[in-house]
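Biologist: Before we discuss this protein, please place its sequence and structure before us. I should then like to ask about its architecture, one part at a time.

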Amino acid sequence: MKNPKTVLITGASSGIGHAVALAYAARGVTLLLMGRDAVRLERTASDCRTRGADVETAVLPVTDRDGMEKQIAAWDDKTPVDLVIANAGISGGSSAGAGFYEIMDINVTGTLNTVLPLVPRMQARGRGQIAFVSSLAGWRGMPNAPAYSVSKVAVRAMGEALRPRLKKDNIGVCVIFPGFVKTPLTDANDFSMPFLMTAEESAARIKNGLAKNKARICFPWPMMLMARLIAALPLWLGDHILSRAPQKK
């Protein structure tokens, strides 16, 4: 969608969410921003208002299904949402322990709680666009970050399943596959991150891709090629390569 008038973004308090909000901020645009950190979220809102956008915020965990449904319905009743970017998510280490559940709850269930309340509303209007933020780690299971990888594989599948299903309703569905982006999420990594991009560069790629309604928005391209190649390799060879990848704490 080229010029959405109302954009809902989760995870807008920092990182990619913050940068994407700024990319869309302009006069005549209403931004509906969600995040867990009230101070940082208000900073994002203030930056966007400076650029002329009307901004409303909600400090709400995406795992709160009832709260999300009520807030999204209230916003959509007032200002119908043209574009929703399900961006909220967390990363995690190489452990397959209890943290697995938290990552899946936020990254997968949180995405469902963001998108599903809007699908029937967009269908009734006969227009809209949905953006799922997956990851280049979502092309196959990654042993160095199993929970994060599994969650992003699920988000990818969710978006790719809905795209042809909602096309007849004039609803665009795009899946976003970022590589390493400099954000508070990646600042915790103590290993080399090839082709590291800024959040602002990523936001520009995302906005451009959504304007063209691309099925997949992947960046940077060298990392995309590597991810696609590893996913296409025989499992034994992919396992051999990935077993030597740096481990997240």
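**Cores, sheet and helices**

Modeller: In the largest nonpolar core, which has 32 residues, the members that touch the most other members are I9, V20, Y24, L31, L33, I85 and L210. The model is a predicted one.

Biologist: Which helix gives the largest share of this core?

Modeller: Six residues of this core come from a single helix, residues 15-24, and this is the largest share. That helix is mostly covered, with nine of its 10 residues buried. The buried ones include I16, V20, L22 and Y24. The element asked for is helix 1.

Biologist: What does L31 touch, leaving aside residues up to four places away in sequence?

Modeller: L31 is among the core members that touch the most others. Its contacts beyond that sequence limit include Y24 and C48. The full set is V7, A21, Y24, A25, C48, A53, D54, V55 and E56.

Biologist: In what order do the strands of the open sheet lie?

Modeller: Seven strands make up this sheet, and their pairing is parallel. Strand 3 (54-59) and strand 9 are the edge strands, each pairing on one side only. The twist from one strand to the next averages 15°. Strand 2 (residues 30-35) pairs with strand 3 over six bridges, in the parallel sense. The order is 3-2-1-4-5-6-9.

Biologist: Which residue of strand 3 stands opposite M34?

Modeller: Strand 2 and strand 3 are paired in the parallel sense. Opposite M34, in strand 3, stands A58.

Biologist: Why is strand 6 described as largely enclosed by the rest of the structure?

Modeller: Buried residues cover both faces of strand 6. One side carries I171, V173, V175 and F177, and the other G172, C174, I176 and P178. Strand 6 is therefore largely enclosed, the number of its eight residues that are buried being eight.

Biologist: Within strand 6, which residue is the bridge partner of V133?

Modeller: Strand 5 and strand 6 run parallel and are joined by six bridges. The partner of V133 in strand 6 is I176.

Biologist: How far apart in space are I171 and L83, C-alpha to C-alpha?

Modeller: I171 lies in strand 6 and is buried, with a relative accessible area of 4%. Its contacts include V119, M122, I130 and L166. In sequence I171 and L83 are 88 residues apart. In space, their C-alpha atoms are separated by 9.6 Å.

Biologist: Is S135 buried or exposed, and which backbone nitrogen does its side chain reach?

Modeller: S135 belongs to the loop between strand 5 (128-133) and helix 6 (146-167). Its relative accessible area is 6%, so S135 counts as buried, the cut-off being under 20%. S135 also touches Y148, K152, I176, F177 and P178. At 2.9 Å, its side chain reaches the backbone nitrogen of A137.

Biologist: Which strands does helix 8 lie across, and at what angle does it run to strand 9?

Modeller: Helix 8 (residues 199-211) lies across strand 4 (83-86), strand 5, strand 6 (171-178) and strand 9. Relative to strand 9, helix 8 runs at about 155°.

Biologist: What distance separates the end C-alpha atoms of helix 9?

Modeller: Buried residues of helix 9 include P222, M223 and I230, and its buried residues pack against strand 9 (216-219) and helix 10 (235-242). With 12 residues at 1.5 Å a residue, helix 9 should span 16 Å. The end C-alpha atoms agree with this, lying apart by 16 Å.

Methods
Residues numbered from 1 in each chain as written. Predicted model: local features only at pLDDT ≥ 70, side-chain atom pairs only at ≥ 80, totals over all residues. Heavy atoms only, no water. Core = buried A, V, L, I, M, F, W, Y, C linked by side-chain atoms within 4.5 Å. Buried < 20%, exposed > 50% of the residue type's maximum accessible area, 1.4 Å probe, protein only. Helix = DSSP H or I, 4+ residues; strand = E, 2+ residues; numbered from the N terminus. Contact = heavy atoms within 4.5 Å. Polar contact = N/O pair within 3.5 Å; in protein donor to acceptor, adjacent residues only side chain to side chain. Expected span 1.5 Å × (residues − 1). Pairing = 2+ DSSP bridges. Axes fitted to C-alpha atoms, helices over the stretch in contact; angles between N-to-C directions.
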